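Here are my notes on this entry, kept short. Please read them with the structure open.

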Amino acid sequence: MIITITLMFGLIGVVMGSFCNAWAIRLLKGESIAKGRSKCPKCHHQLAWYDNVPLLSYIILWGKCRYCKKPISAQYPIVELASGLLFAGLYLHFLPTTTQGWVILVLWCLLSVFLIASFVTDWIELVLPDNYTVPAIIVSLLIALAVSFIPGQGIVWSILLQRIIQLGIFVGIYCALYYGSKGKLIGDGDIRLAAVLGLALALPQLLVAVFATYVIGAAIGSFCILTKLKTRKDVIAFGPFLIIGLYIGLFWGEQIARWYQHLF
Ligand SMILES: [Zn+2]
């Protein structure tokens, strides 16, 4: 049963990944997601539904457009596969047995849709649109409310208050970084992502997420400079690191924090 539901979540994730990718690319171009069928970005041939099946079409077409034979960006299958794994991982992480558990899982899936789309736009064009970050903050607030709810007791205000304090401290630090560096170190969209982390994660998860963000950022930044993909002067998007850090914090934060405490 668990395997079936995990596969189902994986499948939903792949489809959502495909949607987020299309949404993000159209948003960057100023087009509506509701506007017409997808076209090949190279030859502009309208794609049939069978050219557009997430993951499968890419594999069957061997990564090339059916009409012009030019390569399809690997971004599509990568985002689709990553989203599938993420959704399956979310189900396995929460393994809900209560209504509250299911509510929290569904909220995390919804939050992930906005975060995947943010990841794509920030990665490609260094923008974190309010269309994604603002709904993400609202969903995070709902997550904070859902985890603060204890059946029979209602909302436990001390748990909710802790999330609000996390939010305040975290957003405060990011505002200082933003205004202190005049927007050179991080962007204002990163402040909104910081609000998401502050609300959605519990304290040990949040600390691990912050740490992971900087380790991954430093590692990928150095890698890009060493391999001359980027120079020291290039701006590297920070949002994707925050998003990866958030999921590391969610999935492994408690274990990493416990392991760290045992060291001392
Ligand atoms: Zn084409």
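**Notes on helix H6 and the zinc site**

1. Start with the packing. The buried residues of H6 pack against helices H5 (130-147), H7 (188-200), H8 (203-226) and H9 (239-262), and against strand S2 (154-155). Keep in mind that this is a predicted model.

2. Which residues of H6 are buried? They are Leu160, Arg163, Gln166, Phe170 and Tyr174. Arg163 and Gln166 sit in that list alongside Phe170.

3. The helix itself covers residues 157-180, 24 in number. From first C-alpha to last, H6 reaches 34 Å. That is close to the 34 Å expected at 1.5 Å a residue.

4. Check the backbone just after H6. Lys182 takes a positive phi there, of about 50 degrees.

5. Now the metal. The zinc ion has four cysteine SG atoms as its protein donors: Cys40, Cys43, Cys65 and Cys68. They lie 2.3 Å from the ion. The donor residues follow the spacing C-x2-C-x21-C-x2-C in sequence.

6. Within this set, Cys43 and Cys68 link distant parts of the chain, 25 residues apart. Cys43 is in the loop between helix H1 (2-29) and helix H2 (56-60). Cys68 is in the loop between H2 and helix H3 (75-94).

7. What is the geometry of the zinc site? It is tetrahedral, with angles of 103 to 118 degrees among the four donor atoms. For four tetrahedral donors the ideal angle is 109.5 degrees.

8. Buried or exposed: where do Cys43 and Cys68 fall? Cys43 is partly exposed, at 31% relative accessible area. Cys68 is also partly exposed, at 23%. Neither counts as buried, because that label requires under 20%.

Definitions and conventions: Residues numbered from 1 in each chain as written. Predicted model: local features only at pLDDT ≥ 70, side-chain atom pairs only at ≥ 80, totals over all residues. Heavy atoms only, no water. Helix = DSSP H or I, 4+ residues; strand = E, 2+ residues; numbered from the N terminus. Expected span 1.5 Å × (residues − 1). Buried < 20%, exposed > 50% of the residue type's maximum accessible area, 1.4 Å probe, protein only. Contact = heavy atoms within 4.5 Å. Donors = N, O, S within 2.8 Å, 3.2 Å for Na, K, Ca; no water. Tetrahedral: all angles 85-135°; square planar, octahedral: opposite > 155°, others 65-115°.
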